[in-house]
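Student: Got a minute? I want to go through this structure with you, piece by piece.
Tutor: Sure, pull it up and ask away.
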Amino acid sequence: METRFIVDDLAVVSTSEFKALTRVNNSVWTCEHDGSLAIRSRSGQIDRRVGDHLEDLACAILKRFQHVWVGYTSGILRVFHAENLFLAASSLEGHSPGPIAQLATGGPFVFSSSGVPGVFEVLQWDAAEYTLLQRFEAPRIVGEHGVRCLACWGRWLYCGLESGAIHVFDAHKHVRARTMKGHTGSVRALVVVGQALWSAAEDATVRVWDAASGSGLDTLHRHKGPVISLAHVGDFVLSASTDRSIVVWEQTSFKFVRTLLGHTGAVHAMAF
């Protein structure tokens, strides 16, 4: 089910039907639960499917300028032109076999993480040349390896882990700078808003951190289930949960604004 809300005069598309989505020009690209990659119109109808001949299942998606990066359950990445839908890169290899958890972009780079449980695997790609540049390595701490989400801010790369911790890497030097701890459940979503990093986790909380120092600023309680998606929309941050709700927060004061209801299932992704 796709639902549209108006927040700060912006239309927000949220979904309990798709695994991932991104807004591309006047359409929405979606990773469907059957593994297909679809392009939907503003009405929500499927205009066409992309890459059906690839016999692979799409599970992560990112728009970067006029290209769409897609991660598949095989561990392969592919890059499509947003306009003509041609493949700019047909098979980027580097990940171990298994689903891609998330894609993120920062500067001239794209970052991808493996979704294999218990495996820390984050790769850095040249976004223009589609070449693998670097593998990030985590400290060998039992239970803290699996990566569920990524976010970039300047030179910093944030990796949300299954353990509830967040590793922070210097993406230029490729070394870990710090680890932020506070969540008691798997970190499912990250977004940087201004100077603050927002994180959402399966412990039903949203936490706000100083993006530079890593110090905790606030812990937000409104959801009754795991929080699995975040979106920055205008002056607000939206958090979405398996409890079927979307909560709107004020981005600077972190105050609760309102709860958006309408979904009949867990809200997996949002775009605007």
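Student: Which residues point one way from strand 20, and which the other way?
Tutor: This is a predicted model, so keep that in mind. Ala196, Trp198 and Ala200 point one way from strand 20. Leu197, Ser199 and Ala201 point the other way.
Student: Are those residues buried or exposed?
Tutor: Buried, on both faces. For strand 20, 6 of the 6 residues are buried, so the rest of the structure largely encloses the strand.
Student: Where does strand 20 sit in its sheet?
Tutor: The sheet is open and has 4 strands, in the order 19-20-21-22. The pairing is antiparallel.
Student: Which strands stand at the edges?
Tutor: Strand 19 and strand 22 (216-221). Each has a single partner strand, so one side of each has no neighbour in the sheet. From one strand to the next, the twist averages 20°.
Student: How many bridges are there between strand 19 and strand 20?
Tutor: There are 6, with the strands antiparallel. Strand 20 covers residues 196-201. Val191 has Trp198 as its bridge partner. Val193 stands opposite Ala196.
Student: What about the turn in that hairpin?
Tutor: The hairpin of strand 19 and strand 20 has 2 residues between the strands. Gly194 takes a positive phi near 65° there.
Student: And on the other side, how many bridges pair strand 20 with strand 21?
Tutor: Strand 20 and strand 21 (residues 205-210) pair over 5 bridges, again antiparallel. Leu197 in strand 20 is partnered by Trp209 in strand 21. These two strands also form a hairpin, with 3 residues between them. In that turn, Ala204 has a positive phi of about 70°.
Student: New topic. How much space lies in the largest pocket?
Tutor: About 1400 Å³.
Student: Which residues lie nearest its centre?
Tutor: Leu21, Ile61, Gln102, Leu103 and Ser229 lie nearest the centre of the largest pocket. The lining has 39 residues.
Student: Which elements give two or more residues to that lining?
Tutor: Strand 3 (18-24), strand 7 (58-64), strand 11 (100-106), strand 15 (147-153), strand 19 (187-193), strand 23 (227-233) and strand 27 (269-271).
Student: Which strand gives the most?
Tutor: Strand 11, with 6 residues.
Student: How does the lining divide into nonpolar, polar and charged?
Tutor: The lining of the largest pocket has 25 nonpolar residues, 9 polar and 5 charged.
Student: Back to strand 11. What sheet is it in?
Tutor: Strand 11 belongs to an open sheet of 4 strands, ordered 11-12-13-14 and paired antiparallel. Strand 11 and strand 14 (131-136) are the edge strands, and each pairs on one side only. The twist there averages 25° from one strand to the next.
Student: And what holds for the inner pair, strand 12 and strand 13?
Tutor: Strand 12 (residues 109-114) and strand 13 (residues 122-126) pair over 5 bridges, antiparallel. Val110 stands opposite Trp125 in strand 13.
Student: Jump to strand 25. How many of its residues are buried?
Tutor: 4 of the 5, so to speak mostly covered. Strand 25 spans residues 246-250.
Student: Which strands does strand 25 pair with?
Tutor: Strand 24 (residues 236-241) joins strand 25 through 5 bridges, antiparallel. Strand 26 (residues 256-260) pairs with strand 25 over 4 bridges, also antiparallel. Ala240 has Ile246 in strand 25 as its bridge partner. Val248 stands opposite Arg258 in strand 26.
Student: Which turn residues there have a positive phi?
Tutor: Arg244 does, at about 80°, in the turn between strand 24 and strand 25. That hairpin has 4 residues between its strands. Phe254 does too, at about 65°, in the turn between strand 25 and strand 26. There, 5 residues lie between the strands.
Student: Last one: Ser91. Where is it found?
Tutor: Ser91 is in strand 10 (residues 87-92). At 35% relative accessibility, Ser91 counts as partly exposed.
Student: What is Ser91 in contact with, leaving aside neighbours within four places in sequence?
Tutor: Ile76, Leu77 and Arg78.
Student: And how far is Ser91 from Val187?
Tutor: Their C-alpha atoms are separated by 29 Å. Along the chain, Ser91 and Val187 are 96 residues apart.

Notes. Residues are numbered from 1 along each chain as its sequence is written. This is a predicted model: local features need pLDDT of at least 70, side-chain atom pairs count only at pLDDT 80 or more; totals for chains, interfaces and linings use all residues. Side-chain values use heavy atoms; hydrogens and water are left out. On a 1 Å grid over the protein atoms alone, a cavity is a set of points where a 1.4 Å probe fits but cannot get out, and a pocket is an open set with protein on both sides within 12 Å along at least five of seven lines; lining residues have an atom within 4 Å of a point. Grid points are joined across faces, edges and corners, and a volume is the space filled by probe spheres set on the points. Ala, Val, Leu, Ile, Met, Phe, Trp, Tyr, Cys and Pro count as nonpolar, Asp, Glu, Lys and Arg as charged, and the others, Gly among them, as polar. Buried means under 20% relative accessible area, exposed over 50%, partly exposed in between (1.4 Å probe, protein chains only). Two strands pair if DSSP finds at least two bridges between them. Axes are lines fitted to C-alpha atoms, for helices over the stretch in contact, and angles run from 0 to 180 degrees between N-to-C directions. Contact means heavy atoms within 4.5 Å.
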